[in-house]
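The exercises below are meant to be worked through with the sequence and the model side by side. Try each task before reading its solution.

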Amino acid sequence: MIDIKQLQTIIDNLITQSMRDFANSPDLDKNRLRQLRQKDVLDSFSPNQFLSKMNLINHIKSLNILNKDSEIVVFGSWYGSILIPAFYNEVKKITCIDMDSDVIYRAKYELFKDFDVDFITDDIFNTYRDQYKDTTLFINTSCEHMRPMKEWGPEGPKSKFFDNKFGVPKTYKTSWWKKVSPAYFAFQSNAMFDIPTHINCVNNIDEFKKQLPDNAEVLIEDTIPDKRGNRFTLIGKI
Ligand SMILES: C[S@@+](CC[C@H](N)C(=O)[O-])C[C@H]1O[C@@H](n2cnc3c(N)ncnc32)[C@H](O)[C@@H]1O
């Protein structure tokens, strides 16, 4: 099985700067969509991605919280490019959830077709899933793309469905974090406010902490300098 450092070496040697420049070139042609998708996959293996993901991976490993019975759920997983190889041999099960069906398709049927990973297309705020019951570690490195993690749970009163022929859906009074406790979390966000899809950036680690679920205990916090805006890591228990 492949080692994560080895994967980084292979990717760095395989994907040349001219390939990255081609994927990034602004030429509009009929392959533009394919080109954008290709750029997105390359981005997920970029040196900056390795830098921030290795920070998270090394901190998680330093806590010794995972073993062969552990289960990991990755929210906003994107392609799972670096996290899947990093943890695949260390745990029993990995579930990746992303709302972009193209991303999940590419990961499930191409990049990780030989891996036994659960890939799900959904907005993580939509559905409470069976997988969460036995989850050891929730990873979310896409916190800047979505509502704060403390709001993870049902949207509130479901009276709009009152006339639904299936009846009134159950409304949970407590956030889903209470239901999954005890578990660990490992979250990343950043201060890259200029990127249009970043709807929830934070300026610093204290702002990021305010987005944690109420019952969260922080075990590790770290800041990764980046000239486009710092990245922040928070790991802890719920
Ligand atoms: C650009 S990617 C990853 C960025 C992140 N900084 C990283 O390095 O891992 C962000 C992903 O989050 C996903 N996403 C955003 N909001 C989501 C949600 N509510 N539920 C599931 N996936 C979501 C997007 O579809 C996208 O694939």
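Trp-78 is found in the loop between strand 1 and helix 5, where helices (H or I, at least four residues) and strands (E, at least two) are DSSP runs numbered from the N terminus. The model is a predicted one, in which local features need pLDDT of at least 70 and side-chain atom pairs count only at pLDDT 80 or more, while totals for chains, interfaces and linings use all residues. Residues are numbered from 1 along each chain as its sequence is written.

**Exercise 1. Two residues with positive phi**

Compare Trp-78 with Asn-64: which phi does each take, and is each buried or exposed?

Solution. Begin with the backbone: Trp-78 has a positive phi of about 60 degrees although it is not a glycine, and Asn-64, which is not a glycine either, has a positive phi of about 55 degrees. Next, place the second residue, for Asn-64 lies in the loop between helix 4 and strand 1. Then apply the rule for burial, by which a residue is buried if 20 or more other C-beta atoms lie within 10 Å of its own, exposed if 12 or fewer, and partly exposed in between, with C-beta atoms placed from the backbone. Trp-78 is buried because 23 other C-beta atoms lie within 10 Å, whereas Asn-64 counts as exposed because it has 7 C-beta neighbours inside 10 Å.

**Exercise 2. Helix 4**

Check whether the span of helix 4 agrees with its number of residues, and find what its buried residues pack against.

Solution. The expected span of a helix is 1.5 Å times one less than its number of residues. Helix 4 covers residues 47-62, so its 16 residues should span 22 Å, and this agrees with the 22 Å between its end C-alpha atoms. Now turn to the side that is covered: Lys-53, Leu-56 and Ile-60 are buried in this helix. An α-helix has 3.6 residues a turn, so residues three or four places apart point the same way. The buried residues of helix 4 pack against helix 5 (83-87), strand 5 (184-190) and strand 7 (231-237). Leu-51, also in helix 4, is partly exposed, with 14 other C-beta atoms within 10 Å; Leu-51 and Asp-226 are 175 residues apart in sequence, yet their C-alpha atoms are 9.8 Å apart in space.

**Exercise 3. The sheet**

Work out in what order the strands of the sheet lie and which strands stand at its edges.

Solution. Two strands pair if DSSP finds at least two bridges between them. With this rule, 7 strands form an open sheet of mixed pairing, in the order 3-2-1-4-5-7-6. Strand 3 (118-121) and strand 6 (217-224) are at the edges, and because each has a single partner strand, one side of each is left without a neighbour in the sheet. Direction ignored, neighbouring strands of this sheet are turned by 15 degrees against each other on average.

Continue with strand 1, in which 4 of the 5 residues are buried. Strand 1 and strand 2 pair in the parallel sense over 5 bridges, with Ile-94 of strand 2 as the bridge partner of Ile-72. Strand 1 (residues 71-75) also runs parallel to strand 4 (residues 137-140), to which 4 bridges join it; there Val-74 has Ile-139 as its bridge partner, and Phe-75 has Asn-140.

Finish with strand 6 and strand 7, which run antiparallel and are joined by 7 bridges. Thr-223 stands opposite Phe-232 in strand 7. The hairpin of these two strands has 6 residues between them, and in this hairpin Gly-229 takes a positive phi near 135 degrees.

**Exercise 4. A cis peptide bond and the ligand**

Find which two residues a cis peptide bond joins, and how many residues surround the ligand.

Solution. The cis peptide bond joins Ser-181 and Pro-182, with an omega of about 5 degrees, and Pro-182 sits in the loop between helix 7 (176-180) and strand 5. For the ligand, a residue is near if its C-beta atom, placed from the backbone, lies within 6 Å of it. The ligand is surrounded by 15 residues, of which Gly-76, Asp-100, Thr-141, Ser-142 and His-145 are the closest.

Conventions:
Two residues are in contact if their C-beta atoms, placed from the backbone, lie within 7 Å. Axes are lines fitted to C-alpha atoms, for helices over the stretch in contact, and angles run from 0 to 180 degrees between N-to-C directions.
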